[in-house]
Amino acid sequence: MGQLRQETDPGEAGLDARALDRLDRHFARHVDEGRLPGFLLSVARGGRVAHLTTYGLRDTAAGLPVGPDTLWRIYSMTKPVTAVAVLMLVEEGRLALDDPLDRHLPEFAEPRVYESGSGTGVRTRPAAGPLLIRHLLTHTAGLTFGFYYRHPVDALYREAGLEYSVPPGAGLAETVELYARMPLQFDPGTQWNYSVASNVLGRVVEVVSGRPLDAFFAERILGPLGMTDTGFHVVPEQEGRLAELYGEKEGGGIEPVPGLPVRGRPRFLSGSGGLVSSAPDFHRFMEMLRRGGELDGTRLLSADTVALMTRNQLPGAAILRDFGAPGHQEPGNDGLGFGFNVSVVVDPSRTLAPSSPGTYGWTGAASTAFWVDPRHDLTVQFMTQVRPKTLKLFPDLRRLVHEALPD
């Protein structure tokens with residue numbers, strides 16, 4: 001297990017200590033007023049942690065505090081790890097970004113696109129072109145999530161038992177085969193729709209590498225980076241450090257809610273959102289990206305590949321708000337492009353909170369977040385465990401961190 005500690009004073013790192021104190025007080029109020037159980041926040045500059053705060057509880061009923069070694073369900077922060085796995089196979093020549101998906105998963109041959117109707121009356125047509133690996137990495141494949149309730153295809157996912165991405169008891173291979181039977185919402189590459197695409201990528205990694213996804217992650221990414229607390233489940237000696245998962249209650253406050261089945265290896269290995277991690281581990285993952293694919297003498301990707309992953313890949317350098325499928329044109333997407341499983345700041349004048357051009361990162365369903373700011377040589381992570389309904393943390397988090405930066 002790695003350690004995370006403050007390595008330098010904020011002032012020595014060129015950060016405003018008073019602004020960081022305001023940041024801490026802001027999120028401490030969320031805890032004190034019952035909106036969060038507790039949190040961990042780390043801010044590093046040039047790879048050195050200049051601010052580390054833990055506050056509140058990881059388990060309110062047991063009275064257990066948040067610590068630097070607390071384990072968190074990181075949900076969609078799994079996606080950048082999956083992207084790294086795919087790009088490693090691309091660098092090895094075993095996969096290509098423009099490979100048709102059906103070259104590796106034949107069930108995706110001859111994809112069809114939604115045309116009209118609903119339920120049993122849905123009409124489809126052949127897709128204008130094949131699904132490509134890059135479409136999955138950029139969420140432009142036409143896949144969706146069943147829990148959106150935005151489009152007739154979302155309803156088809158729910159009818160197929162895919163409201164929560166996986167039928168009860170199913171594994172990755174059979175779930176992905178079920179995705180392949182669903183029509184696409186749009187022709188591949190023509191819109192952006194956040195979706196189950198990273199689960200499909202996880203299955204591609206398994207097929208191309210010949211290894212289960214958890215084994216590939218452990219052998220090729222997590223082990224080499226020393227991320228010993230990260231995986232698809234916790235072992236008995238880790239269980240005492242796992243944070244409880246909470247949801248917002250009607251009328252205010254939080255309460256425990258069911259989460260990922262992480263005690264014992266799950267049958268469904270989700271490349272979209274299946275990992276548990278710790279702040280020390282995720283700091284190492286961020287550092288690998290910040291350093292261009294290398295950490296402590298271990299290189300996972302070339303610097304050029306990391307630059308490709310973290311650059312806006314939407315056609316015509318589009319912004320998510322302008323390119324998103326209906327329902328994905330929220331203000332939170334304004335000013336952002338999308339790389340390979342990370343958002344990328346394209347136009348800071350349009351973002352909800354102050355941002356630097358080229359900043360990339362992603363969030364998780366339990367209100368976790370990370371980003372890397374190349375302009376300021378900064379990495380930030382925020383860990384908590386609340387599935388939000390109304391809670392909006394990230395604009396304030398970005399604004400308050402940005403206030404600590406030099407002009």
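A colleague questions the modeller about a predicted model.

Colleague: What makes Tyr149 exposed rather than buried?

Modeller: Its relative accessible area is 54%. Exposed means over 50%, so Tyr149 is called exposed. Tyr149 lies in the loop between α3 (133–137) and α4.

Colleague: Which residues form a nonpolar patch with Tyr149 on the surface?

Modeller: Phe147 and Tyr164 join Tyr149 in that patch. Together the three have about 400 Å² of accessible area. Patch residues need over 30% relative accessible area. Tyr149, at 54%, meets that cut-off.

Colleague: Turn to helix α11, residues 394–403. Which of its residues are buried?

Modeller: Leu397, Leu400 and Val401 are the buried ones.

Colleague: How do you know that they sit on the same side of α11?

Modeller: They cover an arc of only 100 degrees around the axis, which puts them on the same side of the helix.

Colleague: What do the buried residues of α11 pack against?

Modeller: Helix α1 (17–32) and the strands β1 (38–45), β15 (369–373) and β16 (378–383).

Colleague: And what covers the buried residues of α5?

Modeller: The cover includes α4 (152–159) and α6 (197–209). Helix α5 spans residues 172–181, and its buried residues are Leu172, Thr175, Val176, Leu178, Tyr179 and Ala180.

Colleague: Back to β1. Why is β1 called mostly covered?

Modeller: Of its 8 residues, 7 are buried. Buried means under 20% relative accessible area.

Colleague: How do you know that β1 and β2 pair?

Modeller: Pairing takes at least two bridges. β1 and β2 (residues 48–59) have 8, in the antiparallel sense, so they count as paired. One bridge joins Gly38 to Gly56 in β2. In their hairpin, 2 residues lie between the strands, and Gly46 takes a positive phi near 60 degrees.

Colleague: Which strand pairs with β1 over 6 bridges?

Modeller: That is β16, again in the antiparallel sense. Arg45 stands opposite Leu378 in β16.

Colleague: There is also an open sheet of 3 strands. What makes β8 and β17 its edge strands?

Modeller: Each pairs on one side only. The order is β8-β7-β17, with mixed pairing. β8 covers residues 254–256, and β17 covers 386–387.

Colleague: How do you know that β7 and β8 pair?

Modeller: They share 3 bridges, in the antiparallel sense. The requirement is at least two, so the pair qualifies. Tyr246 stands opposite Pro256 in β8.

Notes: Residues are numbered from 1 along each chain as its sequence is written. This is a predicted model: local features need pLDDT of at least 70, side-chain atom pairs count only at pLDDT 80 or more; totals for chains, interfaces and linings use all residues. Side-chain values use heavy atoms; hydrogens and water are left out. Buried means under 20% relative accessible area, exposed over 50%, partly exposed in between (1.4 Å probe, protein chains only). Helices (H or I, at least four residues) and strands (E, at least two) are DSSP runs, numbered from the N terminus. The arc is that of the directions from the helix axis to the C-beta atoms. Contact means heavy atoms within 4.5 Å. Patches are made of residues with over 30% relative accessible area and no salt bridge: like charges are joined within 9 Å, nonpolar side chains (Val, Leu, Ile, Met, Phe, Trp, Tyr) within 5 Å. Accessible areas come from the Shrake-Rupley method with a 1.4 Å probe; for residues, only the protein chains shown count as cover. A salt bridge is a side-chain nitrogen of Lys or Arg within 4 Å of a carboxyl oxygen of Asp or Glu.
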